[in-house]
Amino acid sequence: MIIKAIVLDIDGTLLNTGKIIAEKTKQALIAAQEKGIKVILASGRPTTGMLELAEQLEMTKYEGFLVSYNGVRVTDCLTKGVLFNQAMSIETGQAILEHLKKFDVIAMIDKEDYLYVNDVYSGMLDLPDGAFNIIEYEARGGNFKLSEIDDLAAFATFPINKILIAAQPEYLQKIAPALHAPFDKIVTAAFSAPFYFEFTDKGIDKAKALNTVFPEMGIHSENIIAFGDGHNDRSIIEYAGIGVAMGNAVDALKEIADDVTLSCDEDGIAAGLEKYL
């Protein structure tokens, strides 16, 4: 098996719990790129929230790629060209945002430089590690300016790449079926964290993006090693020739992975690359 590409989730995989790329992991990825292996970041994050990390990994120099919004868009780091994009229709996005008004959730959508929410002051969640401002976190992580919109459904007269929903984990687990049920046949819905539930267009996942774009470049599933930690990484772990779950991954991902490496705080990617490259 010839490895031609390394596919990496970001949060909980590439980034450690301090939200940085550890130096050992960074150097391992740069060394792989020096050998001609492509690095592909594949995340639920918006494209704008991935650019700084791509810069740290020198992905423009080595012609890497970004798979953003859980597979909605693929961007070439060198040319900044969009190689694939499959947004929800305007009608679908508006219907979902209208439906979300029935629930005690924080809805977030983005367009260009802005993240749109109902109330920028309503982002606090009570999580096990303490109070957490999810709107601030998402805006800073995506490098967005914030804008308040009273009625997101009426405002969203444009195709939406992803509708992000945040809520208390226990409540979100309880209502997830009701959130998704009316749109089951037209969208993909998934947890990306215990407090995040996301809607994208039907059939969208990270593996579909990979399979749509990269075989034409000679990068097929058997040429890929993929690393992930969450439920939304299942598709890339199953798709890749070698699918590796992080030591901190959810149990469901570990069960279907080809291998389990060290955690994101123990340079699990570097350990995995040392083993397989």
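# Notebook: salt bridges, rings, a hairpin and cavities

I began with charged side chains and found Asp9, Lys206 and Asp233 linked in a network of salt bridges. I note here that the model is a predicted one.

**Entry 1. Salt bridges**

How many salt bridges does the count come to? I get twelve. I then looked up three pairs one by one.

I took Asp11 and Lys19 to start with. They form a salt bridge, and their closest N and O atoms are 3.4 Å apart. I checked the accessibility of both partners. Asp11 has a relative accessible area of 21% and is partly exposed. The cut-off for buried is under 20%, so Asp11 at 21% does not count as buried. Lys19 is partly exposed too, at 41% relative accessibility.

Next I looked at Glu136 and Arg140. Their salt bridge has its closest N and O atoms 2.9 Å apart. Where do these two residues sit? Both belong to helix 4, which covers residues 134-141. Because they are four residues apart in that helix, about one helical turn separates them. Is Arg140 buried or exposed? Arg140 is exposed, with a relative accessible area of 65%. Glu136 counts as partly exposed, at 36% relative accessibility.

I then turned to Arg234 and Glu238, which also form a salt bridge. Here the closest N and O atoms are 3.1 Å apart. This pair lies in helix 8, residues 234-239. The two residues are four apart in the helix, so they too are separated by about one helical turn. I have Arg234 down as partly exposed, with a relative accessible area of 37%. Glu238 is partly exposed as well, at 47% relative accessibility.

**Entry 2. Aromatic rings**

I counted the aromatic pairs and found ten in the structure. One of them joins Tyr116 and Phe155, a tilted pair at 4.6 Å centre to centre with 50° between the planes. I looked up where the two rings come from, and the pair links distant parts of the chain. Tyr116 is in strand 7 (residues 114-117), while Phe155 is in helix 5 (residues 152-155). They are 39 residues apart. Tyr116 is buried, with a relative accessible area of 12%. Phe155 counts as partly exposed, at 26% relative accessibility.

I also looked at Phe195 and Tyr196. These form a tilted aromatic pair, 4.9 Å centre to centre and 55° between the planes. Are the two partners buried or exposed? Phe195 counts as buried at 17% relative accessibility, and Tyr196 is buried with a relative accessible area of 8%.

Which residues share an aromatic cluster with Tyr116? I find Tyr114, Phe155 and Phe158 in one cluster with Tyr116.

**Entry 3. A hairpin**

I followed the backbone through strand 8 (residues 124-127) and strand 9 (residues 130-133). The two strands pair in the antiparallel sense, over four bridges. They form a hairpin with two residues between them. What is the bridge partner of Leu127 in strand 9? I looked it up, and the partner is Gly130.

**Entry 4. Cavities**

I looked for enclosed space last. The count comes to two cavities of 30 Å³ or more.

The largest cavity has a volume of about 50 Å³. Its lining is made up of Pro46, Met108, Ile109, Asp110, Leu115, Glu138, Phe144, Lys162 and Leu164. Which strand gives the most to this lining? Strand 6 (residues 106-111) does, with three residues. I sorted the lining of the largest cavity by class and got six nonpolar, no polar and three charged residues.

The second largest cavity has a volume of about 30 Å³. I list among its lining residues Thr13, Leu14, Asn16, Ile20, Ala22 and Thr25. Met246, Cys264, Asp267, Gly268 and Ile269 also line the second largest cavity. By class, this lining divides into six nonpolar, four polar and one charged.

Note on methods. Residues numbered from 1 in each chain as written. Predicted model: local features only at pLDDT ≥ 70, side-chain atom pairs only at ≥ 80, totals over all residues. Heavy atoms only, no water. Phe/Tyr/Trp six-rings, centres within 6.5 Å; stacked < 30°, edge-to-face > 60°. Buried < 20%, exposed > 50% of the residue type's maximum accessible area, 1.4 Å probe, protein only. Pairing = 2+ DSSP bridges. Salt bridge = Lys/Arg side-chain N within 4 Å of Asp/Glu carboxyl O. 1 Å grid on protein atoms, 1.4 Å probe; cavity = no way out; pocket = protein on both sides within 12 Å on 5 of 7 lines; lining within 4 Å. Points joined across faces, edges and corners; volume = space filled by probe spheres on them. Nonpolar A, V, L, I, M, F, W, Y, C, P; charged D, E, K, R; others polar.
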